[in-house]
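Biologist: Please take one part of this protein and go through it closely. I would like to know what holds it together, and how far the coordinates can be trusted.

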Amino acid sequence: MPATSYSELEATLQQARKAPTIEHQRAAVDLLLQFNNSGNRLQQLRATGYLPEFYELCTHHCDTIHEAIFDSCEDSKEDVRLAGYKALVGLSRKVERVRRKNADVLCQLLQSTGSELDIVRGCLSEHIRIAPGITYEVILEYLFTTSPDGNDQRSTFAPVVVSFLAGGGRLATVDATAQTGEILKERDAEGGKGAVIDISWFRKDTVADNILHTGLIRAIPCLLPDEAKQVVGVVLDLARNCAALSPEMDALLQLLVRISLDTFRKEFAEPSSNLETTLGWLDLSTTLIRPVVPPVESAGLNTQHPRANPTALLRALNIFILPHPVWNRLSLSRTAHRDLTSILGVALKSTRTLLETSRFSVPGHVQSEARTALEQTGSLSLHILQSWVVSSAYNVDKGAAQGILELLKCVKLDPSFQQNPEVVEYIKRVHDRAGETYDGASHSYMRDVTRFAADILKAYKSAQPNSIIPLSGDDTNKGLAAGMTYESSLRKRVRIDSDPPARSSGVDEAITQASKRPKLMPGTLLGRFTALNPSVPIQNVHIKASNTLPSSLDKTSPAVVGTEL
């Protein structure tokens, strides 16, 4: 323990401040180091608090003082370590040349646990506010590394870095006109999102934003799906420009689609795979075409339109995922069918929004590609709807119900359905199954499916007045006879109380007879499939390995069943 008292330390430090000669500086630094190395907790805390100040004052001893702060960060006593972490931030605030090294140390300390990790996260968040560009560069170095052959690889620090970037911020959207300095610091102990939002939205540091944005996009292919999901969330928080069809968001969606297809090729080659990882990447892709709530309120932002062009995702689904051989893969579980139907529903709804909305201008070639993609999905709709019916609606949830509804809309767009009784029979089967699910399980989100299917059947009956549509129960079927159309149900959300329709024994017989009919002529909706009967064997799909997105995704060529990928 130093023989010098606290009063003598204070007097020596004060003398070095007033008369900063080399002798006075050396005396002050020697006393601080003596206190810092004493092993006495109180004296160490006192010395650590003064070290940042005298690093700047005693230029001849700066390296020694910096090492003393690092020693405090590695001390056996927790409160001394915490004081060292805060001293690093204080030193970075005063001295620019130490910022990269201090940020490096704080990133290493993200491996801490408990309350100590909270302090580390708060210090690193404050370091972002002090030197955003430098701190982002160091954080990215701990997120991924580059091998000697030039390939990016996931770092062992990736989990803690992703957790830091995705944590913190605000639970609610921040008012752009509010005083946000302290508000955005409230959750710094959870992560750095508050600091990231502060730098991007309020300080508008575009240079720092570009560093972080570019690095995060580059890191995504190296990360695990759950990590990539959090990183994409950070990228969206950085995007102050929420304009529709943003080139940056289009590029990100293309990247996610490419990763999804590369993963699909690998998983499809495994007979026992249920495409779980592929579905994870596809679901992440939908993040860019869903309505996005920005972290900061702004009257000038439109959050309802998709940020990226959804056609790229829908076209990839049409060509690779939805064709009959892939969809009916035995290893594809009912859960996977449900999740994929939900993903498809998001892509279809976003593509339709792109064409129908008048709130922003869509270039002509984008509209043309979107229409073509919707038509391609229409040609694949029926075997997906059939699998949904045959598998007892595979535990449909709200997302999958939206997918079924969007598929029905695609069917209705195809003019051939009005001349094809076989199509109507399948729509009738979907209508009945949706009604049973709605009544039996109280799935209110199936109501729209039931009503839209009823609209299609009514349209067919109007076009073919002499036709007989086999209905479940009798003609009091609530979807048709009640006169409640899908469009009117959007205005009047009232459930029509009635007993669930009884299952007709003639429906299954009608479907069986339909499957025995001669094959339809090419060009009709059902004639585009190799087999609608689930008992027909499925042909294998041959896959060629590729590291790039297939060129067919950049064109409007129709999806071909059994095509070589």
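Modeller: What follows deals with the salt bridges, after a short account of the model and of one helix pair. The model is predicted, and its pLDDT averages 77, with 72% of the residues scoring at least 70. The protein contains 23 helices and 4 strands. Of its 565 residues, 53% are buried. Among contacts with a separation of 6 or more, 73% are between residues 24 or more positions apart.

The helix pair is α1, residues 6-18, and α3, residues 41-57; their axes lie 12 Å apart and make an angle of about 5°. An angle under 35 degrees counts as roughly parallel, and α1 and α3 are therefore roughly parallel to each other. On the α1 side the contact is made by Y6, L9, E10, L13, A16 and R17. These meet L42, Q43, R46, Y50, E53, F54 and L57 of α3. By class, the residues of this contact are 8 nonpolar, 1 polar and 4 charged.

Helix α3 also takes part in a salt bridge. R41 pairs with D79, and the closest N and O atoms are 2.8 Å apart. R41 belongs to helix α3 and D79 to helix α5, residues 78-94, so this pair links distant parts of the chain, 38 residues apart. Burial is assigned under 20% relative accessible area and exposure over 50%, with partly exposed in between. R41 is partly exposed because its relative accessibility is 38%, and D79 is partly exposed because its value is 27%.

In the whole structure, 22 salt bridges are found. Another of them joins E406 to R352, with 3.0 Å between the closest N and O atoms. E406 sits in helix α19, residues 398-413, and R352 in helix α17, residues 334-356, so the pair ties together parts that are 54 residues apart in sequence. E406 counts as buried because its relative accessibility is 2%. R352 is likewise buried, because its relative accessible area is 11%. Elsewhere, salt bridges with shared partners join R93, E126, R129, K185, D188, D198 and R203 into one network.

A further salt bridge is that of D283 with R290, where the closest N and O atoms are 3.9 Å apart. The cut-off for a salt bridge is 4 Å. D283 is partly exposed because its relative accessibility is 33%, and R290 is partly exposed because its value is 34%.

One more acidic residue can be placed in its helix. D455 lies in helix α21, residues 447-463. D455 counts as buried because its relative accessibility is 7%. Its C-alpha atom is separated by 9.5 Å from that of K412, and the two residues are 43 residues apart along the chain.

As for trust in the coordinates, two stretches need a caution. Residues 471-484 stay under a pLDDT of 50, and for them the model has 33 contacts beyond four places in sequence. Residues 489-565 are also below 50, and this stretch has 144 contacts in the model beyond near neighbours in sequence. Where pLDDT is low, the predicted coordinates should not be read in detail.

Key: Residues numbered from 1 in each chain as written. Predicted model: local features only at pLDDT ≥ 70, side-chain atom pairs only at ≥ 80, totals over all residues. Heavy atoms only, no water. Axes fitted to C-alpha atoms, helices over the stretch in contact; angles between N-to-C directions. Helix = DSSP H or I, 4+ residues; strand = E, 2+ residues; numbered from the N terminus. Parallel < 35°, antiparallel > 145°, perpendicular 65-115°, else oblique. Contact = heavy atoms within 4.5 Å. Nonpolar A, V, L, I, M, F, W, Y, C, P; charged D, E, K, R; others polar. pLDDT = per-residue confidence, 0-100. Salt bridge = Lys/Arg side-chain N within 4 Å of Asp/Glu carboxyl O. Buried < 20%, exposed > 50% of the residue type's maximum accessible area, 1.4 Å probe, protein only.
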